[in-house]
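Biologist: I should like to understand the reasoning behind the labels used for this protein. Please set each value against its criterion as we proceed.

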Amino acid sequence: MGVIELLCNAPSSSLCIDRLKLNRVFEYQGNCSSRSRRKVPSFSVMASTIPAAAVNDKEDSQQEQLSPNVTGASFIRPHLLKLKPYQPILPFEVLSARLGRKPEDIVKLDANENPYGPPPEVFEALGAMKFPYIYPDPESRRLRAALAEDSGLESEYILVGCGADELIDLIMRCVLEPRDKIVDCPPTFTMYEFDAAVNGASVIKVPRKSDFSLDVGRIAEAVEQEKPKCIFLTSPNNPDGSIIGDDTLLQILKLPLLVVLDEAYIEFSGLKSRMQWVKKHENLIVLRTFSKRAGLAGLRVGYGAFPLSIIEYLWRAKQPYNVSVAAEVSACAALQNSVYLENVKVALVQERERLFKLLKEVPFLNPYPSYSNFILCEVTSGMDAKKLKEDLAKMGVMIRHYNNKELSGYVRVSVGKPEQTDALMDCLRSFV
């Protein structure tokens, strides 16, 4: 690698800069034989007698000459110039202003948030936070210890992030070279495709079957033909709520690629997490989040289970202070009240079943069974899905519509509190 040596013996009042001088430096390792010798280019920046002010004046003059032909966009990596931005859900404040309604008067069922919020211990912990002015623990030791107790998986397998989204991007930055490929199985969480584009990777799409199950045969063909580096899977899948069975996952794990399993909604499925599987499968990563289970979407706390052979390198590459003091304090406090978390989960699962039955009664909706905290509905009978979403928004009820071709005729409804379900149904009945 190139080595830059900054050597300056001139007085600080006349700091100077010279041209880069390229030297050849022999680096020896082990014995002194010619075979152990390798050439490494070394760049030395030496002090000269030219005052820094004079150099700066010259640079300013050159900059003035270049300015007409240089734009900020010229410094951006070429593949990012055509990147389509991710379309996030609008926050309460923006919705309130656009709809002319108070935030508490908006029925927000468009982002799969937990309507019950976090346990009361979270608010107490935030109010008693002593050291917000000190950088957080870069290893999130306290939270990882709590997660180890909660999951039964040793803390050395666990890495915490600023939401699971950060971990998705971190995995790609560590695994993918530019023009490497990933497998994506739409319709699914669009962050995988987005992050792949940010990292200069190509996306091999293997669409799901009509019942939203994975097409394992076509995935295997894509792996053999395209040689992708990894595949991203979600169970339960967003946006339809389907799950991946053990047999299916084991078939995919036999393929020569890294499998990233996103379990953001696993708590609502009644199934056990596969976090423990990372101890047996070197090509498996499992991601989790506090956004849904613990109602901490606004504080951004996610975590993942990684094989030890992989996590070592993610530790090296991650940002040192990626999880804030407030986020770690809140997550630890939430885990202290497992009874609250269980009660909220049960309440949401029960309301999901009630919502599903009610949606089946709507003549222009065809809801799909879900193992998550949302229900995907096909919009039928000539009703326009996008217009339905917009009309409900005018009534203060927010649901999700998708612009992509796979889901243009669908809407997704998050499970809320019973009174939110009632408000939604009143609005839907008005269209009949």
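Biologist: Why is Glu193 called partly exposed?

Modeller: The model is a predicted one, and in it Glu193 has a relative accessibility of 32%. Partly exposed covers the range between 20% and 50%, so Glu193 counts as partly exposed.

Biologist: What makes Glu193 and Lys205 a salt bridge?

Modeller: Their closest N and O atoms are 3.3 Å apart. The criterion asks for a side-chain nitrogen of Lys or Arg within 4 Å of a carboxyl oxygen of Asp or Glu, so the pair of Lys205 and Glu193 is a salt bridge. Glu193 belongs to helix H6 (residues 191–198) and Lys205 to strand E7 (residues 202–205), so the bridge ties together parts that are twelve residues apart in sequence. Lys205, at 39% relative accessibility, is also partly exposed.

Biologist: Which residues are joined into one network by salt bridges that share partners?

Modeller: Lys108, Asp110 and Glu113 form that network. Within it, Asp110 bridges to Lys108 with the closest N and O atoms 3.0 Å apart. Both Asp110 and Lys108 are buried. In total, the structure holds 20 salt bridges.

Biologist: Why are Asp150 and Arg293 given different burial labels?

Modeller: Asp150 has a relative accessible area of 36%, which falls between the limits of 20% and 50% and is therefore partly exposed. Arg293 stands at 17%; buried means under 20%, so Arg293 is buried. Their side chains meet in a salt bridge, at 3.0 Å from N to O. That pair links distant parts of the chain, 143 residues apart: Asp150 is in helix H4 (residues 141–151), and Arg293 is in the loop between strand E10 (284–289) and strand E11 (302–305).

Biologist: Let us turn to the aromatic rings. How many aromatic pairs does a search of the whole structure find?

Modeller: The search finds ten. In one of them, the ring centres of Tyr368 and Tyr410 are 6.2 Å apart and the planes meet at 40°.

Biologist: What makes the pair of Tyr368 and Tyr410 tilted?

Modeller: Rings pair if their centres lie within 6.5 Å, and 6.2 Å meets that limit. Planes under 30 degrees apart would be stacked and those over 60 edge-to-face; an angle of 40° is neither, so the pair is tilted. Tyr368 lies in the loop between strand E12 (365–367) and strand E13 (374–379), while Tyr410 lies in strand E16 (residues 410–414), so the pair ties together parts that are 42 residues apart in sequence. Tyr368 has a relative accessible area of 18% and Tyr410 one of 15%; buried means under 20%, so each is buried. Elsewhere, ring pairs link Phe189, Tyr192 and Phe232 into a cluster.

Biologist: How do you know that Arg274 lies over the face of Trp277?

Modeller: Arg274 is at 5.4 Å from the ring centre of Trp277, and the limit for a charge over a ring is 6 Å, together with a position within 35 degrees of the ring normal. Arg412 likewise lies over the face of Phe374, at 5.7 Å from the ring centre.

Biologist: Why is Val259 called buried?

Modeller: Its relative accessible area is 0%. As buried means under 20%, Val259 is therefore buried. Val259 is placed in strand E9 (residues 258–262). Leaving aside residues up to four places away in sequence, Val259 touches several others, including Ile231, Leu233 and Ile252.

Biologist: Which residues touch the most other members of the largest nonpolar core?

Modeller: They are Leu143, Ile219, Ile231, Leu233, Ile252 and Phe290, in a core of 49 residues. Helix H10 (residues 325–335) gives the most to this core, with eight residues. Apart from it lies another core, of 30 residues, among them Leu359, Phe374, Ile375 and Leu392. In soluble globular proteins, nonpolar side chains tend to be buried together.

Biologist: What share of the protein is buried?

Modeller: Buried residues make up 45% of its 432 residues. The protein has 13 helices and 16 strands. Of the contacts between residues at least 6 apart in sequence, 69% join residues at least 24 apart.

Terms used. Residues numbered from 1 in each chain as written. Predicted model: local features only at pLDDT ≥ 70, side-chain atom pairs only at ≥ 80, totals over all residues. Heavy atoms only, no water. Core = buried A, V, L, I, M, F, W, Y, C linked by side-chain atoms within 4.5 Å. Buried < 20%, exposed > 50% of the residue type's maximum accessible area, 1.4 Å probe, protein only. Helix = DSSP H or I, 4+ residues; strand = E, 2+ residues; numbered from the N terminus. Phe/Tyr/Trp six-rings, centres within 6.5 Å; stacked < 30°, edge-to-face > 60°. Contact = heavy atoms within 4.5 Å.
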